[in-house]
Amino acid sequence: MWLDSFDLRLYRRGMALTAVQAPDGDGCMLGLSRTDGATVTAGPDTLGWPRLLARLPDDLRPHLEPVLGVRALLPMVEASGTSVTGRLLDIEGKTVLRLIHERPATVSRSRGRLPGGLWLIPLRGYDAAGECAARIAHRAGLVPDTPSRYPAALRAAGVDPDAPSRPVMEAGLPARVAVARVLLSFLGELEAAVDGTVSDVDIEFLHDLRVAVRRARSAVKLLGDVLPPSLVAWVTPQLKLLGDLTTPSRDLDVLLEELPSLTAGLSTGRREDVEPLVLHLTGLRADERRRLAAGLRSPRFERFRARWRASLLALATWDGQPCAGPIAAEVVVERLDRAHRRVLRLGSRITDASPAEDLHDLRKRAKELRYLLETFPPTTDPADARVAIKELKALQDVLGTFQDSEAQREALYSLATDMMANDGASARTMFAMGEIAARLQEDQDTSRAQFAAMFEQFSRRSAQRRTAPPGPRRTAPATAMAGAAS
């Protein structure tokens, strides 16, 4: 069994983690192939999957923590087959090389089969024998393969690990068809995250679901006029309701995840003073998770998915014949220009005296612009496009820290009120929460101070990109921005 996160973080780092059934059937032996070619083993392991980092063997955890983060390990491919082992002896009868012949294996839940292989494993001090055996194998027509075989296993299971991770709008399609196809891909991402969210496998499934919803909402808002008005009128509130359903759980996930860093090194409070807060947040999260799971299992949500998918499939079908209306490139370039100008206009109006709501609104508009840029393919230099996206993300990070700090501080005030009223929280806990709130205020003040410099850099770079050939004023900047920042 090959194990990885849902988003293939081990594969993308050139690592592979396998679980091989022990000969006596009592648990599995875990083997992690690292990027440097070394292998770390652990076991026998008898726990099931999925599993978060904290429940992994101690020998594996230090190597996996920087890669997995909060994501859980899931069974990605399971194969069953047989192997035959052998030895190569020297003239003195000493073993110099171990051979493992793996016969073609059956891949679970797939018609594909994992090709067999012959592994030549020289013992320590007998590398020359291993090189000689490799030359013999090469003359016999065998082709070198990666030791982990993980990429081949993924493909045998019907998974393309190198497929684009983000949908790209086809610029030459009719606008309605192109927008419908992109929205279909967002719906697919949403649906792929539902089971993991309901089962609470890891907190990133809910994040993935929310991102898919936000991308869909942005696309409908900025490009929805190419779709039937009745469909837009129906789906707009549906997507908002779905976003509202997921917000409380995600806010609690983020606060619980960041609480250890917020409480580290409290100057007046102790770490144990915060334990009542953690217990209270954990209880609230359990309640919200039940509500979220009920919503995602509800007939209403199933009806939404079915109707939205059927409507988009009908719009996404195209026979290749010319049809009325603009192509996707014409529409998106104009919307890019509009969204870009709006971000620049809103950002230029923000001063030290601007209310927090103005920065929140700018963050939402910047996010809409980035989603549109990421969906529309670049028309000029891809390298410049990556730089522009990076700058926009940096601006969003500053605005995100500002908004999250304020939201978490306000949440702490509300939590303190509830805890004093219901749980009789101690004064020490209240003082510790007050210190955390003060730190959040400092983070918000710092991010606000950083915003001016970050936005000035973004707007200056945007002005430098306005180098498109002369044309209508309202489309030329968008063409440059689309090429530079998509």
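Two strands are taken to pair if DSSP finds at least two bridges between them. That criterion underlies the strand pairings described here for this predicted model. By it, β6, β9 and β10 form an open sheet of 3 strands, in the order β6-β9-β10 and with antiparallel pairing. The edge positions belong to β6 (79–80) and β10 (113–114); each has a single partner strand, so one side of each is left without a neighbour in the sheet. Strand β9 covers residues 105–107 and is joined to β10 by 2 bridges, the two strands running antiparallel. Within this pairing, Ala-105 has Leu-114 of β10 as its bridge partner. Strands of a sheet pair through backbone hydrogen bonds, in either a parallel or an antiparallel sense.

The setting for this sheet is a protein chain with 14 helices and 11 strands. The chain has 486 residues, and 43% of them count as buried. Taken along the principal axes, its C-alpha atoms fill a box of roughly 85 × 70 × 50 Å.

Further antiparallel pairing involves β7, β8 and β11. Strand β7 (residues 83–89) pairs with strand β8 (residues 95–102) over 7 bridges, in the antiparallel sense. Leu-88 has Leu-97 in β8 as its bridge partner. The hairpin of β7 and β8 has 5 residues between the strands, and in this hairpin Gly-93 takes a positive phi near 85 degrees. Strand β8 is also joined to β11 (residues 117–122), by 6 bridges and again in an antiparallel arrangement. Leu-97 recurs in this second pairing, where it stands opposite Pro-122 in β11. Leu-97 therefore has a partner in each pairing of β8: Leu-88 and Pro-122.

Next come the charged side chains. A search of the whole structure finds 33 salt bridges. One of them is formed by the side chains of Asp-202 and Arg-71, at 3.1 Å from N to O. Asp-202 lies in the loop between α5 (175–199) and α6 (203–223), and Arg-71 lies in the loop between α2 (61–68) and β5 (74–77), so the pair ties together parts that are 131 residues apart in sequence. Buried means under 20% relative accessible area. Asp-202 counts as buried because its relative accessibility is 3%, and Arg-71 counts as buried because its value is 1%.

A second salt bridge is formed by the side chains of Glu-368 and Lys-221, at 3.0 Å from N to O. This pair also links distant parts of the chain, with Glu-368 in helix α11 (residues 356–375) and Lys-221 in helix α6, 147 residues apart. The two partners fall into separate accessibility classes: Glu-368 is buried, with a relative accessible area of 11%, whereas Lys-221 counts as partly exposed at 44% relative accessibility.

A third salt bridge joins the side chains of Arg-338 and Glu-334, at 2.9 Å from N to O. Both residues belong to helix α10 (residues 328–348), and because they are 4 residues apart there, about one helical turn separates them. Glu-334 is buried, its relative accessible area being 11%. Elsewhere, salt bridges that share partners join Asp-7, Arg-9, Arg-71, Asp-202 and Asp-208 into one network. The pair Asp-202 and Arg-71, described above, is thus part of that network.The surface also carries charge. Asp-251, Glu-257, Glu-258, Asp-404, Glu-442, Asp-443 and Asp-445 form a negative surface patch. Helices α7 (229–263) and α13 (427–464) each supply at least two residues of this patch. Asp-445 is found in α13, and at 45% relative accessibility Asp-445 counts as partly exposed.

Helix α13 also holds Glu-456. Glu-456 is partly exposed, with a relative accessible area of 40%. The C-alpha atoms of Glu-456 and Ser-348 are 8.6 Å apart in space, while the two residues are 108 residues apart in sequence.

Key:
Residues numbered from 1 in each chain as written. Predicted model: local features only at pLDDT ≥ 70, side-chain atom pairs only at ≥ 80, totals over all residues. Heavy atoms only, no water. Patch = residues over 30% accessible without salt bridge, like charges linked within 9 Å, V, L, I, M, F, W, Y side chains within 5 Å. Areas by Shrake-Rupley, 256 points an atom, 1.4 Å probe, with all protein chains shown as cover. Salt bridge = Lys/Arg side-chain N within 4 Å of Asp/Glu carboxyl O. Lys, Arg positive; Asp, Glu negative; His and termini not counted. Charge placed at Lys NZ, Arg CZ, Asp CG, Glu CD. Buried < 20%, exposed > 50% of the residue type's maximum accessible area, 1.4 Å probe, protein only.
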